[in-house]
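Visitor: Could you take me on a close look at one part of this protein, the empty space inside it and what surrounds that space?

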Amino acid sequence: MSLFVRFWGTRGSIPTPGSKTRRYGGNTSCVEVNAGGQLFILDAGTGLRELGHDLLTRNLDTVEAHLFFSHTHWDHIQGFPFFIPAYRPTTQIHVYEIARHDERFTRLLLGQMRSEYFPVSFSDLGGHILPGYFENDCAKVDGVVLRCLEQTHPGRSFAYRLEQDTRSIVYATDSELDLMLENKEQTLKDFDVLRVSPRAITDFVRDADLLIADAQYTDVEYAKKIGWGHSRVSTVVDLAVRANVKRLALFHHDPLHSDDQIDSIVDAARQRAALRGSNLDVFAAREDLVLKIP
Amino acid sequence: MARFAADERTVVAESPTSQRTPRPRRRPPTLEQIRGPGSPHAYHLFLPEVVVGRGVQSQIIVDCPSLSRSHVRIVQHDGEVRFLDLDSANGVFLNGVRAHAAVLRDTDLLELGSCAFVFHERGL
């Protein structure tokens, strides 16, 4: 059995439709993971709307989805009210909280559908919204084990690791790794120096088949955006190399970055990995790209 | 205030529908083979669905040992062209990235084994 990963939204902060972002896409964060028919959804940015339409074409009697949120900023929740399967009584959506009795995600979903923001209320959804939660940072869905890890981001955010047999995927968006580095000061002066992420983060992503990581800023851009909650591409590359990750998908593209700029960022990231003597497969997450983890 | 004679006024005429310029018909998307046996060659995608491979059942046959018999399916739907790896032995690489499926965009490079194709959304 393989894992299939499909990117429905790869953009950070705000949707950016237009000719300059056509290749990598303009929808905000949403990733589908299919594990033997079990559907996992990572974040409900505007890409979720497209996923909803696609699910309706799959001839499923029922839709059952396990929904995980990195956090509740707009670009990660905005697609939910437009997720058509949520309006169907045959749909079951398990919304996972990071701990028992924690209701931050469900509360935000409910809040964003108040009449001030949206014409249809949460209680009018025909689908079944079911609570799920992590216990000791771990959750299990059939044969899939999920772990969560808190990251550094204004308002808190969480990374998720999905494991099925020997396969593993880490989804780690909206994380300012650079604030956590053990050699933070040095890396702000010398961009070439190897960035040393904390042990807990390195272990969390270790040996992953695929790491989907926030890589919003270049080294130059980051200097003006410290504390905004996002990582430098180069920092994420170093993390992936040190943790022996096989494939790194640069994610949460800056809304100011055009397709051509993202191509240049990928080139630089590959060069950095190669300089470290790594054969890490680095690429930019692209809307509608499907990866198979064999 | 200047006054215009009646015959100086601009007349905006509605052009009858029958005289409107017809919208130019779009050329079919094209896979331009730039590497591998038979290249250079342009495959115009007239059919809504084609299979590329070295087997005779494929619609686009490339006689290359690094291709599977049925290597990749190319499907056109709703104005988009999408590929799907048919569990080929050597995989499909989109702009250098191994991919199972994706929507193709203009100038994308699709590599199948040792063969390479450039996708032209509006044909060649």
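Guide: The lining of the largest cavity divides into 11 nonpolar, 3 polar and 1 charged residues. Please keep in mind that this is a predicted model. The space in this cavity comes to about 130 Å³. Of the 15 residues in its lining, Q151(A), A172(A), S175(A), L177(A) and I201(A) are the closest to the centre. The elements that give two or more residues to this lining are β8, α4 (199–205), β11 (210–214) and α6 (233–242) of chain A.

Let us stay with α6(A) for a moment. This helix is mostly covered, with 8 of its 10 residues buried. The buried ones are V233(A), S234(A), T235(A), V236(A), V237(A), D238(A), L239(A) and A240(A). Their cover includes α4, β11, α5 (219–222), β12 and α7 of chain A. Just after α6(A) comes N244(A), which takes a positive phi of about 60°.

Now for the other cavity. The count comes to 2 cavities of 30 Å³ or more, and the second largest holds about 60 Å³ of space. Its lining is made up of A215(A), Q216(A), V233(A), L250(A), H253(A), D254(A), H257(A), I262(A) and I265(A). By class, these are 5 nonpolar, 3 polar and 1 charged residues. V233(A), one of the residues lining this second cavity, is also among the buried residues of α6(A).

The sheet is the next thing to look at. It is an open one of 7 strands, in the order β7-β8-β9-β10-β11-β12-β13 (chain A), and its pairing is mixed. One side of β7 (138–141) and one side of β13 (281–284) of chain A are left without a neighbour in the sheet, because these strands stand at the edges with a single partner strand each. On average, neighbouring strands are turned by 20° against each other, direction ignored.

At one edge, β7(A) pairs with β8 (residues 144–151) of chain A in the antiparallel sense, over 4 bridges. Within that pairing, C138(A) has R147(A) as its bridge partner in β8(A). Towards the other edge, helix α7 (residues 259–275) of chain A packs on the sheet, where it touches β12 (247–251) and β13 of chain A. The direction of α7(A) makes about 165° with that of β13(A).

To tie this back to your request: β8(A) and β11(A), both strands of the sheet, give two or more residues each to the lining of the largest cavity.

Notes. Residues are numbered from 1 along each chain as its sequence is written. Chains are lettered from A and ligands numbered from 1 in the order in which they are written. This is a predicted model: local features need pLDDT of at least 70, side-chain atom pairs count only at pLDDT 80 or more; totals for chains, interfaces and linings use all residues. Side-chain values use heavy atoms; hydrogens and water are left out. Two strands pair if DSSP finds at least two bridges between them. Axes are lines fitted to C-alpha atoms, for helices over the stretch in contact, and angles run from 0 to 180 degrees between N-to-C directions. Contact means heavy atoms within 4.5 Å. On a 1 Å grid over the protein atoms alone, a cavity is a set of points where a 1.4 Å probe fits but cannot get out, and a pocket is an open set with protein on both sides within 12 Å along at least five of seven lines; lining residues have an atom within 4 Å of a point. Grid points are joined across faces, edges and corners, and a volume is the space filled by probe spheres set on the points. Ala, Val, Leu, Ile, Met, Phe, Trp, Tyr, Cys and Pro count as nonpolar, Asp, Glu, Lys and Arg as charged, and the others, Gly among them, as polar. Buried means under 20% relative accessible area, exposed over 50%, partly exposed in between (1.4 Å probe, protein chains only).
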